[in-house]
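Subject: Two-chain model for your bench notes

Dear colleague,

Here is the structure I promised to pass on, with the sequence alongside. Please open it first, and then read the notes below with the model in view.

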Amino acid sequence: MTEPTTLNKRRAPFRFRIEPRLSEPPAWYPAAVSFGAIIVALILGGVLISFAGGDPIRSYLHIAKASFGDIGVLSDTIVKATPIILAALACSVAFRMKLWNIGAEGQFIMGAFGASAIVLAPVLPAETSRWIFIPVMMIAGMAAGAIWGFIPGYLKAKFNVNEIISTLMLNYVAVAWVNFWIFGVWTEGGFQMSPKFPDGAWLPRLSDYAKAFPIFRGLTTHLGLVIGIVAAIILWFIIFRSRWGYEIRLIGDNPNAAQYAGINITRNTIWVMMLSGALAGLGGMSEVGGVVHRLQTAPVAAGYGFTGIIVAWLAKLNPLAIIFVSILFGALILAGREIQPSGVPKMIQGIILVCLIASDFLLRYRVVIERVEE
Amino acid sequence: MINQTSSMPSSPPQAPLVVEMRGIVKRFPGVLANDHVDFELLHGEIHGLLGENGAGKSTLMNVLAGLYRQEAGTILVKGEPKAFSSPRDAIKAGIGMVHQHFMLVPSQTVTENILLGLDDPRFIMRLPDYNTKIAELGERFGLKVDPRAKIWQLSVGEQQRVEILKMLYRGVDVLIMDEPTAVLAPQEIEGLFVTLRAMIAQGKSVIFISHKLQEVSVIADRVSVLRRGIATASGVPSKGVSRQELARLMVGRDVIFALDKKPGRPQDVVLEVTDVHAESDKGLPALRGISLNVRAGEIVGVAGVAGNGQSELSQVISGMRRCAQGQVLLNGDKISNRNTLFGIQHGMAYVPEDRTHVGSAPNLSVTDNVIMKNFRKPPISKNGLLDMKAATKHANELKLAYDIIVPTVSTPVRLLSGGNLQRVILAREISGLPAFMVAVQPTRGLDVGAIEGVHRLLLAQREAGAAVLLVSEELEELLSLCDRVYVIYEGKIMGEVMIGDDEPDEGAALSLSKGLVDTIGQMMTGTPLDQIQKEGVAAHD
């Protein structure tokens, strides 16, 4: 009973078929697929580099060297990763409740502003000890970020205002707000930046301890990394081991079921947006206190909040995975400065993202290769 | 597995074969829905396809209707092998399916819906011509429906007729009906059966999918039975097989139809609903002055055709919907228009109609799902921290006590079968030792064995002194479990009937329940009880 139409056609001896997975893949499989996706992305990126006239292998080696090559650049990578960790944590907690907080950028900037205000207002005198300055700045940064998260959270909870739009718009408001202060009030000689912070408001860096440990000489990794890691661990604990985290997970997975279980969605919407804003704000504080050492728009509003969205997704919203994905992105950002044209790392970043998102498909479907029967 | 086909009486087919399915295999994630199933349809017969939910009936027929593609096996239509890659191909071969969920455009007329997707007419649509054509077609098969009516104006029964007309208009010879009676009132079911008989009289063949034994033995000429994807009977004449035998083929063991229901000892009123008015999601009045009460130690039923306000009623009681007027008291406390938490804290359990969208969080684990109601209290949580060890222990205890079949309690519940998921929900709700429980369609979509388990759990609640409000569309279920039944129609209570639990001799019980079914059936279609009684008296005079 052969179909006559197929007789004259030349066909490959096998064909691909895609079918839904019949069971959950083993535990190692998702990690293996993600790793494979990155390899594929690097190959695709290599093809594009060679089209552009570059040598892909040399480019990749250069990127690797520029990001992980020695302890100095590794430290720089980590410095770049630090704000991303906190911004991604901020996004992840909101996303887990399916609150699409696109405003980590603005909350980050407001956090930087809040922390700076402690120094510049000044709330604390310049000669205050570091051990008082830093905690107060952390609290101020988190509070400012939380306020910036509260606004869209409240609007969403009470009036069902779309948080995507409100958080996005508040990003611009945050930039304008900071610009107002650094132009008008805290300007340093008319430049768009505040004066440099006193030493006490600087987050300690590894290089500060170079006298005791010579190996730390010139390393700029600062306390923000510790803050980020501790925040990630605490957030993991909140999400997976606390009553509140359970409520967040339940609302995120099925708001109807959460309502059915007697969970107050309105209140949680506001609290989660505030937590999200506080984490991003902490990121802003870490950036001004650890890297910029003054309030200035350009280096603070550098898109960490947006990178955080991508990183949160790639880490599948897992706070601990965010640390590692952030370091990868920190490396790509750093490499951007190293190789010319600087579009290449951005392009690789994009290709990796597309490949990782596409690879999700392999978790849900499997590809079957079958022989075509004659 | 033992092949029980051989033990069944089989007669040589007289009429020619219209459809022949051989060795059909179809898999879904986690299940083998059809495992080498054979199926034969004769010309001019109504073929009942029986099986529990999840047995693979709909899957098999979706393969025949071109919606799914089988992994192995062949389909022959009138002796010719066919490979369908879409429902369009199947219709071309003369096979059409009416799905459980209708696929109609509410804002368009009957005629427009029937013409939708056809190439004819190509450019200019002269609707009046088609209206008459469709009206004629409807008349031929006893499918009365106004071709100019918009779909949203039609009752569910009428919409079903439109779906059947759609297929007849496309000239199908084989009509597959997937659980057609699930949405119909008893009187409408009669009408459907008349239509189906008219169709076979005119040379069509019908496949009637159902999990209701009674219906199949009434309407079908021959019966095939599926159990867990395997055909346990194919093409058995329905006259030669008893209901018990069919049930055994469906379930794989004898089903006890009688439940051990002890005489009721109703105590104080626990739930008091007074003159409740509420709107549906669409903002239309769904409840129009509902009053009812439930006492401790009794099961009170709410009967009605789907969509007459049952869902809204249960939502108002559980606190998930606001009522515009009236109030709900639970042990004297007002619970209406407060949050769901208040009800939970005052001993209310709620088994919602929609297991996946309301009753559970699909991507969370069994453990996370069973602690939904008690996660606020020790031992599950202390000082705001979850004790995962205690939660896992709790989940494992429930898994054992309620026979939840799952590899580990960390499995996400989306991987559970309908029956297992329902056991998870019931385990959660019952383990909280509720004073009052509202259960909506707790057995819908479950297999016969699981239904029995749910019934036993509900009766155990009654014996433990809980008040139970059972909303169901299965009259049989209500009659066998309830002490009283309210009938709801368009948001109003049509009447209340008592169901005696002392069983007189079998014949009397049967005629009694026959009378009850008739009365309830009339109320379900909108006749208030006092009117029925008046007419009954008039008839006697």
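Among contacts in chain A between residues at least 6 apart in sequence, what percentage join residues at least 24 apart? The figure is 77%, and please keep in mind, here and throughout, that this is a predicted model.

Chain A

The secondary structure of chain A consists of 14 helices and 2 strands, and its C-alpha atoms occupy a box of roughly 90 × 60 × 40 Å along the principal axes. Of the 374 residues in chain A, 45% are buried.

One helix that I looked at in detail is α7 of chain A, which runs over residues 223–241. At 1.5 Å a residue its 19 residues should span 27 Å, and since the end C-alpha atoms are 26 Å apart, the expected and modelled spans agree. The buried residues of α7(A) are A:Leu223, A:Gly224, A:Leu225, A:Ile227, A:Gly228, A:Ala231, A:Ala232, A:Leu235 and A:Ile239. As background to that list, an α-helix has 3.6 residues a turn, so residues three or four places apart point the same way.

A:Ala232 from that helix also appears among the residues touched by A:Ile322. Leaving aside residues up to four places away in sequence, A:Ile322 touches A:Ile85, A:Ala88, A:Leu89, A:Ser92, A:Ala232, A:Val311, A:Ala312 and A:Ala315. A:Ile322 and A:Leu89 both recur in the largest nonpolar core, which has 252 residues, where they are listed with B:Leu64, B:Leu470 and B:Val487 as the residues that touch the most other members. In soluble globular proteins, nonpolar side chains tend to be buried together.

Chain B

Chain B comes to 17 helices and 22 strands. Its radius of gyration is 25 Å, close to the 24 Å that the globule rule gives for 541 residues, so chain B is as compact as a globular protein of that length. The C-alpha trace of chain B spans about 70 × 60 × 55 Å along its principal axes, and buried residues make up 45% of the chain. Of the contacts in chain B with a separation of 6 or more, 68% are between residues 24 or more positions apart.

The domain assignment divides chain B into domain 1 (4–251), domain 2 (257–347 + 434–541) and domain 3 (354–432). The C-alpha centres of domain 1 and domain 2 of chain B lie 33 Å apart, and 10 residues of domain 1 are in contact with 10 residues of domain 2. On the domain 1 side of that contact, α6 (186–201) and α8 (243–251) of chain B each supply at least two residues, with α8(B) giving the largest share at 3 residues. By class, the residues on this side divide into 6 nonpolar, 3 polar and 1 charged.

Where the chains meet

Between the chains, 27 residues of chain B are in contact with 20 residues of chain A. The elements that give two or more residues to the chain B side are α10 (340–345) and β18 (385–386), and of these α10(B) gives the most, with 3 residues. The chain B side that touches chain A has 15 nonpolar, 9 polar and 3 charged residues.

Backbone points to check

Most residues other than glycine have a negative phi, and most peptide bonds are trans. Against that background, four places deserve a look.

- The peptide bond from A:Ala121 to A:Pro122 is cis, with omega near -15 degrees, and A:Pro122 sits in the loop between α4 (104–120) and α5 (130–159) of chain A.
- The peptide bond from B:Pro378 to B:Pro379 is likewise cis, with omega near 5 degrees, and B:Pro379 is in the loop between α11 (366–370) and β17 (381–382) of chain B.
- B:Lys78, although not a glycine, has a positive phi of about 50 degrees; B:Lys78 lies in the loop between β4 (72–77) and β5 (80–82) of chain B, and with 15 other C-beta atoms within 10 Å it is partly exposed.
- B:Asn337, also a residue other than glycine, has a positive phi near 55 degrees; B:Asn337 lies in the loop between β15 (333–334) and α10 of chain B, and its 16 C-beta neighbours inside 10 Å make it partly exposed.

With best wishes

Technical notes. Residues numbered from 1 in each chain as written. Chains lettered and ligands numbered in written order. Predicted model: local features only at pLDDT ≥ 70, side-chain atom pairs only at ≥ 80, totals over all residues. Helix = DSSP H or I, 4+ residues; strand = E, 2+ residues; numbered from the N terminus. Rg over C-alpha atoms; globule rule 2.2 N^0.38 Å. Buried ≥ 20, exposed ≤ 12 C-beta atoms within 10 Å, placed from the backbone. Contact = placed C-beta atoms within 7 Å. Nonpolar A, V, L, I, M, F, W, Y, C, P; charged D, E, K, R; others polar. Core = buried A, V, L, I, M, F, W, Y, C linked by C-beta atoms within 7 Å. Domains from an automatic or database assignment. Expected span 1.5 Å × (residues − 1).
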